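Reader: Could you walk me through how to read side-chain contacts and charged pairs in a model like this one?

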Amino acid sequence: MKLTNAHSSGSLHRRVRRMLIQCIAIVVLLSTSVGLGIGLYQDVYARDQLLSNAAQMAADAPLLTDTIQTDTAQQYLERTVRRVAAVDMLGIYDVQGKPLVFYDLAAGEGEASVLPTLRADTVRRLYSEQRPLLSSDEMPEGADRCAYAVVRDENGQAFGIVMAGLYLRSYRRTVLRVLLFYCLITLLALGVGSLLSVRFSNHIKQELLGYEPDAFRQLFLQRMDILDALDEGLLAIDSHSTITYINRAAADILSIHTSDALGQPLRAIYPRSTIARVMQTGKSEYNISLESIKHVSVISDRMPLWRDGEIEGAIAIFRNRTEVTRLAQDLTGVQHIVEALRAYTHEFTNKLHVILGLLQLGENRQAEEYVLRLTKTRAHSISYISERIQEPSIAALLIGKSYRAAELGIRFVLDPASELRGDGQYLPASSLITILGNLTENAFDALRSAPENAQKEVTVSIREGEHGMLLSVDDSGAGMAAPQLDRIFERGFSTKGEGRGTGLSLVKETVDAFGGTIRVESEPGIGSSFIITFSDAESRAQT
């Protein structure tokens with residue numbers, strides 16, 4: 001099942017790249033927003049510090065601390081504003097906060113009259129705090145931020161106030177500069193992120209063997225379901241002998257729950273296990289009989305798992321030999337023939353005991369008559385079946401079943417109209433043995449619980465014609481109710497206890513394999529009939 005193609009590979013590349021770019025974009029935007037906020041705060045703080053320092057520097061200038069003369073102060077303010085980049089305007093107030101001198105860099109001049117008088121509380125704060133004061137209350141028109149510092153003489157007496165201010169455009173330049181810087185970083189990060197996403201998507205594509213992530217997930221789940229549905233048990237361990245996988249069949253064989261085993265040390269779940277041995281030898285082991293598992297007969301294969309030339313774990317395959325043996329016997333009919341031979345031996349042993357008893361009693365004539373009568377009866381029974389059934393293995397099966405029925409006290413009847421050429425036109429002899437053997441045993445089982453005085457009879461009919469074959473097995477047993485009829489062909493379903501329920505399922509599988517149909521008629525208290533028909537290819541095509 002290969003899902004890789006150019007479209008899926010390109011789609012994978014685009015989806016992964018788009019996803020990575022989106023993640024990178026989100027991270028970059030978040031980091032940019034946080035960084036921008038911090039950067040703006042730091043820039044504004046630095047501008048405020050520069051503004052305060054400029055105000056304090058002007059206040060400490062000897063030209064002003066000696067005496068404040070309007071013309072001289074005006075010239076000083078003009079030179080300072082032009083030289084100090086952190087200041088757009090300077091002003092000087094008297095001790096009461098009335099403006100004396102002012103210079104505006106944008107206008108190239110300044111009139112003290114444009115400055116508002118400082119409020120009394122602002123002046124008091126300046127004098128009391130002994131440091132520059134940042135305020136936006138009494139700014140001149142167009143200013144965005146102002147710093148005030150007290151002018152003191154050499155004795156520390158205040159005799160004026162210096163104001164340093166910035167226009168709004170200066171702050172805008174600061175913001176624009178920071179925004180431009182972070183935009184460049186964002187574009188660079190997105191470009192690098194796009195390049196990395198392409199490389200990362202290519203790496204993911206290689207790691208997923210070219211599959212789409214959803215297709216890879218679906219394929220993984222399907223394979224897990226397939227492994228869990230196997231009758232063979234699977235158990236995998238890593239290089240530290242920790243169980244990494246165990247399917248349902250292996251959990252059943254080891255009598256544990258799958259969820260309890262995953263992630264556990266192998267020794268804790270299966271103390272006598274030798275699976276880890278293959279990781280030391282590096283050689284696979286096959287058909288190992290597991291004597292450590294007592295409740296079932298199990299054989300195991302175990303192989304080391306290699307990756308890049310190194311062993312990274314091991315896997316063990318468990319096969320329930322008990323179930324395999326039983327299924328093989330059901331499929332080949334060996335078990336039916338063995339039981340028939342056992343019944344045949346048992347019956348003739350009883351006859352020999354009768355003959356021996358008659359000879360010991362001196363009844364030689366009666367013994368001779370008994371042997372002749374027995375031989376005639378058996379010869380007639382064998383010839384009756386062999387004349388109608390040309391296939392030797394099927395004839396042997398039916399003869400054995402007749403002896404088996406006699407042992408169980410059941411009347412076994414082969415329909416006089418039965419006929420089988422034995423050329424295998426509709427199905428091979430081995431498959432016919434599987435069907436007849438299991439159906440007759442099922443009929444015998446149905447009559448085991450019948451009362452002693454009840455009529456116990458099993459009738460088998462085999463009719464082969466030019467266009468088809470009909471098989472039927474009828475019994476006079478207790479019959480089956482509708483709920484049982486719906487489930488009789490399910491593997492494992494049986495009303496006879498544990499370890500049963502495979503015979504009829506094998507019959508159904510064999511019939512289906514050769515294109516036949518099976519019908520069941522059953523009535524409680526009267527009995528059951530199984531009717532199977534096979535048609536040739538021409539007849540099937542016409543229907």
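Author: Happily! Keep in mind that this is a predicted model. Let's begin with one acidic residue: the side chain of Glu464 reaches the backbone nitrogen of Arg421 at 2.8 Å.

Reader: Where is Glu464 found, and is Glu464 buried or exposed?

Author: Glu464 lies in strand S12, which spans residues 457-464. Burial is judged by relative accessible area, with under 20% as the cut-off for buried. Glu464 has 8%, so this residue is buried.

Reader: Which residues is Glu464 in contact with, leaving aside its neighbours within four places in sequence?

Author: Among them are Glu419, Leu420, Arg421, Gly422 and Asp423. Gln425, Tyr426 and Met469 are in contact with Glu464 as well.

Reader: Now the charged pairs. How many salt bridges does the structure hold?

Author: There are 17. Reading one means looking for a side-chain nitrogen of Lys or Arg within 4 Å of a carboxyl oxygen of Asp or Glu. Arg448 and Asp445 give a nice case, at 2.7 Å from N to O.

Reader: How are Arg448 and Asp445 placed in helix H15?

Author: They are three residues apart in that helix (residues 429-448), so about one helical turn separates them. Asp445 is buried at 14% relative accessibility, whereas Arg448 is partly exposed at 43%.

Reader: What other salt bridges could I look at?

Author: Try Asp121 with Arg119, where the closest N and O atoms are 3.6 Å apart. Asp121 is partly exposed at 32%, and Arg119 is partly exposed at 41%. Glu387 pairs with Arg388 at 3.8 Å, and Glu387 is exposed at 56%. Finally, a network of salt bridges links Arg125, Glu129 and Arg131.

How values were computed. Residues are numbered from 1 along each chain as its sequence is written. This is a predicted model: local features need pLDDT of at least 70, side-chain atom pairs count only at pLDDT 80 or more; totals for chains, interfaces and linings use all residues. Side-chain values use heavy atoms; hydrogens and water are left out. Helices (H or I, at least four residues) and strands (E, at least two) are DSSP runs, numbered from the N terminus. Buried means under 20% relative accessible area, exposed over 50%, partly exposed in between (1.4 Å probe, protein chains only). A polar contact is a pair of N or O atoms within 3.5 Å; within protein, one must be able to donate a hydrogen and the other to accept it, and residues adjacent in sequence count only if both atoms are side-chain atoms. Contact means heavy atoms within 4.5 Å.
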